[in-house]
Amino acid sequence: MTSQAVFVLFNGLASGMAFFLVAAGLTWVFGILKILNLAHGAFFMLGAYIAFTVGGAWPASIWSFVGVALIAAAAVGALGYLTDQLVLKRLRNVDYHYALIATFGLMLFCEGAAKFIWGTDYQAVMPPPEIDRAIVVGGSYISLYTLFVIGAGIAVFAALEMIMHRTWAGKIMRAVSNDPWMAGTLGINVPMVLMVSVIASFALAGFAGGILVPNQALSPHVGASFVLYAFMAVVIGGLGSIRGTFIACILLGLVESANATFLSQYGGIAIYVMLAVFLVWKPTGLFPAQGAT
Amino acid sequence: MMKRRTVLKGIAAGAGVTLGMNATYLRAQTAPIRIGASYALSGVGAPVGTQMLAGTEIAIHQINRDGGLLGREVQLVTRDDKYNSAESVAIAREFAGDGINLMLGGSQTVTALGLAPLAPELNMVAIIVAAAGMPVTHELFNRNIFRTTANNYTQYGSLGRTLIEQNPEIRTWVSLAPDGDFGRDSALFFGRAVEKYSEAASGEKATVLDTIYTQATATDFRTQINQLMSSQAEGLYLGIAASAQISFFQQARSVGLYDKFKAIGEVGNSDITGKALGRNTHPNLWSICHWLYNQEPFASNPVSQQLYKDYVELKGDDFPSGQVAAGHRAAIALFEGIRKAETTDTDEVIGAMENLSFESAGGPVEFRTEDHQMLGLNFYSQMGPSTEEPYFQFNKVTSVDAVEMIEPANPGQPFDINELPQ
Amino acid sequence: MVQNSSTSIQGRMTTFSPVLGPVVLTALFAFLFFAPMMLNAGLLFWVGMTMIQAIFALSWNLLFGYTGLASFGHAGFYAIGAYFTGAALRYDFQLPFLVVLAVAGILGALVALAIGVVALKRLTGIFLAVLTVALTEAMAKIIGLSKALGEQDGLGNIPRPIIDLGFLDLDLTHSHDYYRFLLIATVVTVAALWWVVHSRLGRSFRAVREDAERARFVGIDVARVRVISFMISGGTAALAGALSAPWTRIVTLDQVNWLASTQPILNSLLGGFTSFWGPVVGAVAYTGINYWTRTFAGLSEMLVGGILVLVILLAPTGIVGLLGKATRRIRGNGGKK
């Protein structure tokens with residue numbers, strides 16, 4: 001029983017951190033642009049493909065693996081700049097529901113493009129050799145790679161927290177997020193802040209793609225399995241709150257993991273029930289963002 | 001009667017030519033024969049669907065090179081069913097509306113279940129290319145449907161038998177399958193066959209543990225992998241297909257599942273898994289095999305040799321997937337039916353196909369008259385990693401005759417394994 | 001030619017033309033009624049699906065465009081109707097088909113009522129959106145576990161109904177007959193929705209959307225109005241699903257997920273959510289794009305995606321809005337002369 005509990009805890013954390021890696025960029029852009037980016041999962045997928053193309057199926061070491069993920073982040077960040085200039089920038093002054101349809105279109109476009117570029121064959125990337133094995137903890141088999149994912153999630157969270165709450169840039173971000181008009185009158189270059197946020201959000205999606213690619217077979221639809229959880233985490237977290245999203249991801253991961261172990265015949269249901277109950281109980285999320293509607 | 005009709009047709013055609021008249025009749029006799037193909041070319045079914053389409057295209061190319069069918073050119077009209085039943089229904093209707101009454105489809109169970117009940121209404125001959133679900137030749141059976149692949153019971157029973165016969169030293173087996181009709185059934189059939197054939201294989205009945213289930217749409221298998229690792233089993237049936245199967249192997253390999261399980265039989269990914277995993281392929285991985293051009297008995301089969309030659313020429317690739325032969329076989333079945341019927345008329349083609357036998361890349365096959373299920377040898381391949389490109393290789397091919405493993409025909413009635421004599 | 005068509009649609013949109021609107025609608029109805037004789041079966045199938053999608057999109061837009069609430073789980077209501085009707089026909093519930101349709105609609109409305117009573121007082125905006133997503137996904141999981149509903153494979157082999165009118169039997173087994181029934185059902189449903197949004201109730205929907213505070217101030221029970229709107233919307237979506245089951249003859253889980261829920265949203269926004277007819281125009285345009293790109297196997301996703309993005313960039317008020325703007329410009333120029 002205790003070994004099972006340890007496994008559920010560990011597995012939940014691992015899933016939660018994987019969700020968070022994807023959700024981090026999503027919540028950032030939601031907090032500042034108030035746009036629910038349906039294409040986020042597609043850009044995550046592009047990051048994974050780019051990592052595969054640059055780094056190959058067998059990363060040489062953990063350092064080159066992280067390096068490749070950073071390259072994927074830069075590449076997807078550049079795509080973010082392009083997307084912002086061509087699409088998102090033009091939608092800033094219209095009803096936010098239009099951004100939904102535009103990002104949905106982008107999602108289809110990216111999936112089609114990935115199929116066109118990389119073909120429909122599945123690919124599999126392996127974890128770097130240092131973390132490509134398991135340890136046994138209390139009778140449960142735990143792979144070092146998933147420990148690495150947990151570490152990566154925590155590291156990204158810590159970095160974002162530092163930026164948002166300890167730096168000058170973070171203060172500007174928060175000012176724009178709370179009240180763009182006021183921030184503008186105070187002399188902040190709001191369009192610039194919005195553009196940087198989009199690029200950062202996309203870069204985070206690309207980084208997540210590079211880090212999580214050994215977790216799953218690579219196909220144009222690889223984003224779909226993470227992105228719905230990421231959406232839920234963003235909402236539970238309180239729309240745009242990185243801290244809230246982080247806690248929400250852990251909660252979702254733990255619920256999913258407990259569901260799979262203790263109620264496997266009803267697999268995957270608990271997470272939605274939890275979300276519905278949570279929304280009715282605390283509709284503004286864990287850390288309600290100021291100015292979020 | 002058939003003969004008289006043919007003679008009459010010949011006379012009529014001759015008269016038409018000499019008089020230069022009766023243009024519509026003439027056109028019907030010389031216009032191309034149009035065959036519809038509905039495969040999953042996008043979505044999760046795409047990696048399999050595109051290969052099957054390649055096989056069908058080669059069959060069309062071959063028949064036209066040999067002068068066509070009934071003296072007419074054969075044309076292929078291709079549509080993407082997007083791995084979606086509503087889409088496959090729309091495509092079948094579009095074909096019927098365009099006057100196409102011969103089609104290949106149902107590359108997966110979801111699309112086959114939408115297509116099958118429709119064929120009589122549309123007055124079509126529909127070849128189910130690769131869907132193994134039992135309902136197609138049982139409760140959903142109708143005479144317009146022909147299936148050119150083994151059904152679930154035959155396929156996974158034979159896979160179980162192959163695995164226990166090839167690995168008699170493995171005493172304990174377990175299955176991991178998606179929680180759905182197909183997954184549960186295939187795991188059950190596999191396990192029953194392992195039990196049944198274990199005594200003959202090693203003199204002692206093997207133990208088959210309770211099947212472990214996953215969500216049908218799951219992509220994370222760590223919980224199930226942990227259960228597998230803690231079990232007593234050393235042999236595994238893996239009912240998870242497509243990209244999810246590759247995800248399973250990625251997640252399972254790092255925790256040492258390859259060392260624990262001495263043999264794995266998988267649901268039908270075959271080279272799709274091998275290509276993706278390469279050097280990290282499980283060393284004793286058994287699959288459903290439609291075709292392996294360079295292994296016996298395929299290597300010495302003339303149909304197979306020609307298929308390989310044309311594949312390389314047309315597709316510019318030296319390593320065809322086994323699924324190519326499935327699309328090829330389905331098209332040949334239809335061609336031979338038309339050739340035998342000497343017309344493309346739906347009823348006549350159905351009549352001709354009901355006891356048709358023909359040569360495929362895997363040797364002679366035939367349709368069972370009662371339920372239109374194809375019979376022949378079913379093949380199983382063993383693969384493992386390799387040091388050369390493409391870093392995986394097939395080491396062995398075995399076969400089991402469908403006749404030994406199939407249930408009695410019972411069209412119109414649901415299949416229940418517990419009603420079979422053991 | 002473009003100008004002509006745009007004027008005619010604009011004519012329908014405004015009160016400007018009490019004559020032209022009915023004429024266009026009658027012509028459209030006549031065309032659709034005789035479509036089985038003119039179109040091939042595949043195209044006819046898509047025309048039927050477009051009518052169903054149009055009802056579905058209208059149901060969503062009643063909630064969003066008129067009451068200001070965005071549901072992202074509308075596929076759930078659609079699925080309630082589709083699975084109920086599919087099961088009723090497949091397992092022969094011994095109910096007249098019209099009763100089956102009515103029960104399907106009522107089921108949808110009741111589920112909407114339950115969600116509304118628990119959640120609508122507090123939930124608007126993105127929270128309602130995500131709550132509906134969660135409930136729909138949970139429902140999909142439950143259907144996926146139900147053997148009677150076909151689990152992952154879907155509920156197939158659904159027979160088409162025969163309607164017993166007492167004095168005669170309407171046999172809808174043949175595609176053309178069911179198609180005509182579907183057309184009439186669509187006309188009735190659209191007319192009913194038109195009546196709703198132009199009634200006093202419809203005005204109170206809009207009052208709530210414009211400014212919930214002010215609506216409350218003038219004595220409108222905002223929560224109640226929202227729940228009623230949600231119920232009508234959910235019931236209509238369920239009806240769309242109910243009509244679809246005998247048309248496709250199979251109902252699958254593809255229709256019960258968040259991607260399926262985005263379909264009515266896309267159609268409404270594409271057509272223009274500020275207009276009653278926008279969702280209908282959007283459904284036609286979306287099906288048109290899909291139908292036109294169907295032969296570009298492998299490229300169709302890129303094309304559909306690219307076209308959606310372009311339409312939103314070039315016509316952020318939807319097709320109807322774009323046409324309206326074009327008409328105004330033409331008229332404005334005409335006025336200056």
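Colleague: Where in chain B do you place B:Ala242?

Modeller: This is a predicted model, and in it B:Ala242 belongs to helix H10 (residues 242–253) of chain B. A helix has to run for at least four residues, and H10(B) covers 242–253, so the name is earned.

Colleague: What makes you flag the phi of B:Ala242?

Modeller: Phi of B:Ala242 is near 55°. That is a positive value, and the residue is not a glycine.

Colleague: Staying with backbone geometry, which peptide bond ends at B:Pro297, and is it cis or trans?

Modeller: The bond runs from B:Glu296 to B:Pro297, and it is cis, with omega near 5°. B:Pro297 itself is in the loop that links strand S11 (285–289) and H13 of chain B.

Colleague: And what about the bond from B:Glu389 to B:Pro390, cis or trans?

Modeller: Omega is near 0° there, and the bond is cis. Look for B:Pro390 in the loop between strand S15 (377–385) and strand S16 (392–401) of chain B.

Colleague: On to sheets. Why do you call S2 and S5 of chain B edge strands?

Modeller: The sheet is open, with five strands in the order S2-S1-S3-S4-S5 (chain B) and parallel pairing. S2 and strand S5 (145–147) of chain B have a single partner strand each, so one side of each is left without a neighbour in the sheet. From one strand to the next, the twist averages 20°.

Colleague: How do you know that S4 and S5 of chain B count as paired?

Modeller: Pairing takes at least two bridges. Strand S4 (residues 125–128) of chain B is joined to S5(B) by three bridges, so the two pair. They run parallel, and the bridge partner of B:Ile127 in S5(B) is B:Phe146.

Colleague: Which way do the strands pair in the S12-S13-S14 sheet of chain B, parallel or antiparallel?

Modeller: Antiparallel, in an open sheet of three strands. Strand S12 (357–360) and strand S14 (374–375) of chain B are at the edges with a single partner strand each, so one side of each is left without a neighbour in the sheet.

Colleague: What makes S13 and S14 of chain B a pair?

Modeller: The requirement is at least two bridges, and two join strand S13 (residues 363–367) of chain B to S14(B), so the condition is met. B:Glu366 has B:Leu375 in S14(B) as its bridge partner.

Colleague: Over in chain C, why are H3 and H7 called roughly parallel?

Modeller: Helix H3 (residues 41–67) of chain C and helix H7 (residues 175–198) of chain C pack at about 20°, their axes 11 Å apart. Angles under 35 degrees count as roughly parallel, and H3(C) and H7(C) are therefore roughly parallel to each other. Their crossing is left-handed.

Colleague: Which residues meet where H3(C) packs on H7(C)?

Modeller: Among them are C:Ala41, C:Gly48, C:Met51 and C:Tyr66 in H3(C), and C:Ser175, C:Tyr179, C:Thr186 and C:Val197 in H7(C). By class, the residues of this contact are 14 nonpolar, four polar and no charged. C:Gly48 is in the contact, and glycine goes with the polar class.

Colleague: How many residues of chain A are in contact with chain C?

Modeller: 34 residues of chain A, and they meet 34 residues of chain C. Helix H4 (96–118), helix H9 (224–237) and helix H11 (270–281) of chain A each supply at least two residues of that side of chain A. H4(A) gives the most, with 16 residues. The classes on this side of chain A are 26 nonpolar, five polar and three charged.

Colleague: Which element of chain B gives the largest share of its side touching chain C?

Modeller: H4(B), with 10 residues. Here 27 residues of chain B are in contact with 23 residues of chain C, and the side of chain B divides into 13 nonpolar, eight polar and six charged residues.

Colleague: Last one: what are the domains of chain B, and how many residues join them in contact?

Modeller: The domain assignment gives domain 1 (4–150 + 298–375) and domain 2 (153–293 + 377–419). Their C-alpha centres lie 30 Å apart. In contact are 30 residues of domain 1 of chain B and 29 residues of domain 2 of chain B. On the domain 1 side, helix H13 (302–315) and helix H14 (323–341) of chain B are the elements giving two or more residues, and H14(B) gives the most, with four residues.

How values were computed:
Residues are numbered from 1 along each chain as its sequence is written. Chains are lettered from A and ligands numbered from 1 in the order in which they are written. This is a predicted model: local features need pLDDT of at least 70, side-chain atom pairs count only at pLDDT 80 or more; totals for chains, interfaces and linings use all residues. Axes are lines fitted to C-alpha atoms, for helices over the stretch in contact, and angles run from 0 to 180 degrees between N-to-C directions. Angles under 35 degrees count as roughly parallel, over 145 as roughly antiparallel, 65 to 115 as roughly perpendicular and the rest as oblique. A crossing is left-handed if the near helix is turned anticlockwise from the far one by less than a right angle, and right-handed if clockwise. Two residues are in contact if their C-beta atoms, placed from the backbone, lie within 7 Å. Domain bounds come from an automatic or database domain assignment.
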